[in-house]
Amino acid sequence: MATNDATFTVPGLSVEDGHRVGELLQIRLHALNDLQLTLKHAHWNVIGRDFIGVHEMLDPQIELVRGFVDDLAERMAALGVPPNGLPGDLVARRTWEDYSIGRATTVEHLAALDLVYNGVIEDHRKDIQILDDLDLVTQDMLIGQVQELEKFQWFIRAHLENTGGGLRHEGATTEKDAAAKA
Ligand SMILES: [Fe+2]
């Protein structure tokens, strides 16, 4: 428990469990803050024939993810754990690397972003499992977020699907590899 945690949490949870949920949300907050910055970076750096479609597709998702970050932070505060939205803490605590693609074509960015979404969604889903025994209200918040994230990942994948139903970057394990295969 961080020293500046509150002495309370939401009703019906032990203070210990409430604060454990809050700590778990801190990493999800960092993950989604990182995601919205990464999406903006892609919005600025895509090039190619279908530039405008992808450039404009990204902005509503960025706004949605920013809203998710706000929801996570305010849920943390309600649980009695002060949310940290600062970039230094994000970089110090994240378990993933910075997005590795700069100026690149739409399909290169989308293939790399598909891998970014895999990581964020898998981690959200792991926490949904953990929350099954801890806090169903917070679990419900994360389930709602995953539903929207997976819907947008389908938008991404629809650009990368071949007629056989496979993805152009299938099997890629790094963003650069995915971009190269797309
Ligand atoms: Fe813009």
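A residue counts as buried when its relative accessible area is under 20%. By that cut-off Val-46 is buried, because its relative accessible area is 3%. The structure described here is a predicted model.

**Val-46 and the start of α2**

Val-46 belongs to strand β1, which covers residues 46-47. Apart from neighbours within four places in sequence, Val-46 is in contact with Phe-51, Val-54, His-55, Ala-104, Thr-106 and His-109. Asn-33 is 13 residues from Val-46 along the chain, and the two C-alpha atoms are separated by 20 Å.

Asp-50 is found in the loop between β1 and α2. Its relative accessible area is 37%, so Asp-50 is partly exposed. From Asp-50 to Ser-14 the C-alpha distance is 52 Å, with their positions 36 residues apart in sequence.

**Helices α2 and α4**

Two packed helices are described by the angle between their axes and the distance between the axes. For α2 and α4, the axes come within 10 Å and cross at roughly 30°. The two helices are therefore roughly parallel. On the α2 side the contact is made by Phe-51, Val-54, Met-57, Leu-58 and Gln-61, and on the α4 side by Thr-106, Leu-110, Leu-113 and Tyr-117. Phe-51, Val-54 and Thr-106 are also among the residues in contact with Val-46.

**Helix α5**

Helix α5 runs over residues 136-158, which is 23 residues. From its first C-alpha to its last it reaches 32 Å, close to the 33 Å expected at 1.5 Å a residue. Which residues of α5 are buried? They are Thr-138, Gln-139, Leu-142, Gln-145, Val-146, Leu-149, Phe-152, Gln-153 and Ile-156. An α-helix has 3.6 residues a turn, so residues three or four places apart point the same way. The buried residues of α5 pack against three other helices: α1 (15-45), α2 (51-79) and α4 (106-131).

At the start of α5, Asp-135 places a side-chain oxygen within 3.2 Å of the backbone nitrogen of Val-137. Asp-135 also takes part in a salt bridge with Arg-75.

**Salt bridges**

How many salt bridges does a search of the whole structure find? The search finds 12. The table gives three of them, with the distance between nitrogen and oxygen.

| Pair | N to O distance |
|---|---|
| Asp-59 and Lys-40 | 2.6 Å |
| Arg-75 and Asp-135 | 2.9 Å |
| Glu-150 and Arg-125 | 3.0 Å |

The side chains of Asp-59 and Lys-40 meet in a salt bridge. Asp-59 lies in helix α2 and Lys-40 in helix α1, so this pair ties together parts that are 19 residues apart in sequence. Asp-59 has 27% relative accessibility and so counts as partly exposed. Lys-40 is buried, at a relative accessible area of 16%.

A salt bridge also joins Arg-75 and Asp-135. This pair links distant parts of the chain, 60 residues apart: Arg-75 is in helix α2, and Asp-135 is in the loop between α4 and α5. Are Arg-75 and Asp-135 buried or exposed? Both residues are buried. For Arg-75 the relative accessible area is 15%. With neighbours up to four places away in sequence left aside, Arg-75 is in contact with Val-10, Leu-25, Asp-135, Val-137, Thr-138 and Met-141. Thr-138 is one of the buried residues of α5.

The third pair in the table is Glu-150 and Arg-125. Glu-150 is in helix α5 and Arg-125 in helix α4, so the two are linked across distant parts of the chain, 25 residues apart. Glu-150 is partly exposed, with a relative accessible area of 29%. Arg-125 is partly exposed too, at 44%. Elsewhere, salt bridges that share partners join Glu-23, Asp-89 and Arg-93 into one network.

**His-30**

Two members of that network, Asp-89 and Arg-93, are among the residues that His-30 touches. His-30 is found in helix α1. With 1% relative accessibility, His-30 counts as buried. Its side chain and that of Asp-89 are joined by a polar contact of 2.7 Å. Not counting residues up to four places away in sequence, the other residues touched by His-30 are Asn-84, Leu-86, Leu-90 and Trp-96.

Terms used. Residues are numbered from 1 along each chain as its sequence is written. This is a predicted model: local features need pLDDT of at least 70, side-chain atom pairs count only at pLDDT 80 or more; totals for chains, interfaces and linings use all residues. Side-chain values use heavy atoms; hydrogens and water are left out. Helices (H or I, at least four residues) and strands (E, at least two) are DSSP runs, numbered from the N terminus. The expected span of a helix is 1.5 Å times one less than its number of residues. Buried means under 20% relative accessible area, exposed over 50%, partly exposed in between (1.4 Å probe, protein chains only). Contact means heavy atoms within 4.5 Å. A polar contact is a pair of N or O atoms within 3.5 Å; within protein, one must be able to donate a hydrogen and the other to accept it, and residues adjacent in sequence count only if both atoms are side-chain atoms. A salt bridge is a side-chain nitrogen of Lys or Arg within 4 Å of a carboxyl oxygen of Asp or Glu. Axes are lines fitted to C-alpha atoms, for helices over the stretch in contact, and angles run from 0 to 180 degrees between N-to-C directions. Angles under 35 degrees count as roughly parallel, over 145 as roughly antiparallel, 65 to 115 as roughly perpendicular and the rest as oblique.
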